[in-house]
Amino acid sequence: MDADQQTRENPFGMDEDCRNCPELCATRERVVHGYGDVGADFLFVGEMPGEGADRTGVPFTGDAVGERFQDVLGHLGLNNSLPDSDEPELDNAFVTYLTRCRDPGRPPTDEEVDTCEPYLNAEIRMINPEIIVPVGQRALAELAREYTTTDAGEFDVVEDHATTIRGRGFELVPMVHPANLADEQAEAFVRHFLDLMDRDYRQTKGRRSR
């Protein structure tokens with residue numbers, strides 16, 4: 001991956017000082033847009049920035065939860081850095097959130113998710129991944145509502161963890177949030193994802209020809 005494909009700043013020129021959600025503006029340290037390989041086949045989507053990401057400006061970094069997540073990416077060959085890096089060297093992976101700002105005391109409201117939706121849609125459209133990984137229940141519900149024909153209420157991230165859901169235009173591979181990810185669940189996710197990569201991504205550096 002070329003160095004200019006990945007940057008600490010958001011790669012699509014998105015608003016770094018968004019003021020659309022007044023309550024979140026008061027509680028966030030920074031806006032956390034997506035990060036990683038903009039030519040990736042694999043897009044990982046969480047609910048909202050954690051404490052570490054709010055400090056570093058990079059999704060899933062800066063704290064124990066982020067380190068757990070980056071360790072999984074490392075086992076998949078998608079992270080060439082140590083798990084505790086604040087600026088991981090991601091290859092064929094892009095990481096982002098439903099919402100870009102953090103309130104430490106509560107999850108985002110439906111209105112806040114809707115307000116940030118254009119940012120996520122822009123990333124999905126421009127990256128055009130092969131597989132989207134919803135990280136956590138909220139991300140699974142929102143992405144299933146948008147990209148499957150099944151009622152989003154029928155999906156459960158624990159039951160659907162490390163499985164493949166056929167969607168409209170994308171495959172979804174749900175992942176239990178790293179804050180709640182048991183060792184056996186992490187191992188199951190890695191096994192399932194590596195199987196997908198072995199079956200469908202045999203090109204150089206694991207990437208399917210476009």
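**Exercise 1. Find out which residues Glu112 touches, leaving out residues up to four places away in sequence, and whether Glu112 is buried or exposed.**

Solution. Keep in mind that this is a predicted model.

Step 1: pick out the contacts. With residues up to four places away in sequence set aside, Glu112 touches Cys21, Leu24, Thr99 and Arg106.

Step 2: place the residue. Glu112 sits in helix α4, which covers residues 110-127.

Step 3: check the accessibility. The relative accessible area of Glu112 is 6%. The cut-off for buried is under 20%, so Glu112 counts as buried.

**Exercise 2. Describe the largest cavity: how much space lies in it, and which residues line it?**

Solution. Start with the count: the structure has one cavity of 30 Å³ or more. The space in the largest cavity comes to about 80 Å³.

Now go through the lining. It includes Cys18, Asn20, Cys21, Leu24, Cys25, Arg28 and Val31, along with Thr99, Arg100, Cys101, Cys116 and Tyr119. At least two lining residues come from each of α1 (22-27) and α4. Looking back at Exercise 1, Cys21, Leu24 and Thr99 are among the residues that Glu112 touches, and those three also line this cavity.

**Exercise 3. Work out the strand order of the sheet, and explain why β1 and β5 each have one side without a neighbour.**

Solution. First, take stock of the elements. The chain has seven helices and six strands, and from the N terminus they run α-β-β-α-α-β-α-β-α-α-β-β-α.

Next, trace the sheet. It is open, has six strands in the order β1-β3-β2-β4-β6-β5, and its pairing is mixed. β1 (35-36) and β5 (165-166) are the edge strands, and each has a single partner, so one side of each has no neighbour in the sheet.

Then go through some of the pairs:

- β2 and β3 are parallel, with five bridges; Phe42 has Ala93 of β3 as its bridge partner.
- β2 and β4 are parallel too, with four bridges; Leu43 has Ile132 of β4 as its bridge partner.
- β4 (residues 131-134) and β6 (residues 171-172) run parallel and are joined by two bridges; Ile131 stands opposite Glu171.

Finally, add a helix. α4 lies across β2 (42-46), β3 (93-97) and β4, at about 165° to β3.

**Exercise 4. Which residues of β2 point one way, which point the other way, and are they buried or exposed?**

Solution. Begin with the rule: side chains in a regular strand alternate between the two faces of the sheet.

Apply it to the strand. Phe42, Phe44 and Gly46 of β2 point one way, while Leu43 and Val45 point the other way. All of these are buried, which is five residues out of five for β2.

Now follow one residue on each side. Phe44 belongs to the largest nonpolar core, which has 30 residues, and is listed with Leu78, Val133, Phe189 and Phe193 as touching the most other members. Two or more residues of this core come from each of β2, α3 (64-75), β3, β4 and α7 (183-200), and α7 gives the most, with six. Another core lies apart from this one; its 21 residues include Leu43, Val113, Leu120 and Ile127.

For a closer look at Phe44, skip the neighbours within four places in sequence. Its contacts then include Phe69, Leu73, Ala93, Phe94, Val95 and Val135.

**Exercise 5. Explain why helix α5 can be called largely enclosed, and say which elements its buried residues pack against.**

Solution. Count first: eight of the 11 residues of α5 (residues 137-147) are buried, so the rest of the structure largely encloses this helix.

Name them: the buried ones are Arg138, Ala139, Leu140, Ala141, Glu142, Leu143, Ala144 and Tyr147.

Look around them: they pack against β2, α4, β4, α6 (157-160), β5 and β6. As a backdrop, 52% of the chain's 210 residues are buried.

**Exercise 6. Locate the largest pocket: which of its lining residues are closest to its centre?**

Solution. The largest pocket holds about 250 Å³ of space. It has 16 lining residues, and those closest to the centre are Met48, Pro49, Gly50, Val65 and His177. As for elements, α2 (51-56) and α3 each supply at least two residues of the lining.

Conventions
Residues numbered from 1 in each chain as written. Predicted model: local features only at pLDDT ≥ 70, side-chain atom pairs only at ≥ 80, totals over all residues. Heavy atoms only, no water. Pairing = 2+ DSSP bridges. Contact = heavy atoms within 4.5 Å. Axes fitted to C-alpha atoms, helices over the stretch in contact; angles between N-to-C directions. Buried < 20%, exposed > 50% of the residue type's maximum accessible area, 1.4 Å probe, protein only. Core = buried A, V, L, I, M, F, W, Y, C linked by side-chain atoms within 4.5 Å. 1 Å grid on protein atoms, 1.4 Å probe; cavity = no way out; pocket = protein on both sides within 12 Å on 5 of 7 lines; lining within 4 Å. Points joined across faces, edges and corners; volume = space filled by probe spheres on them.
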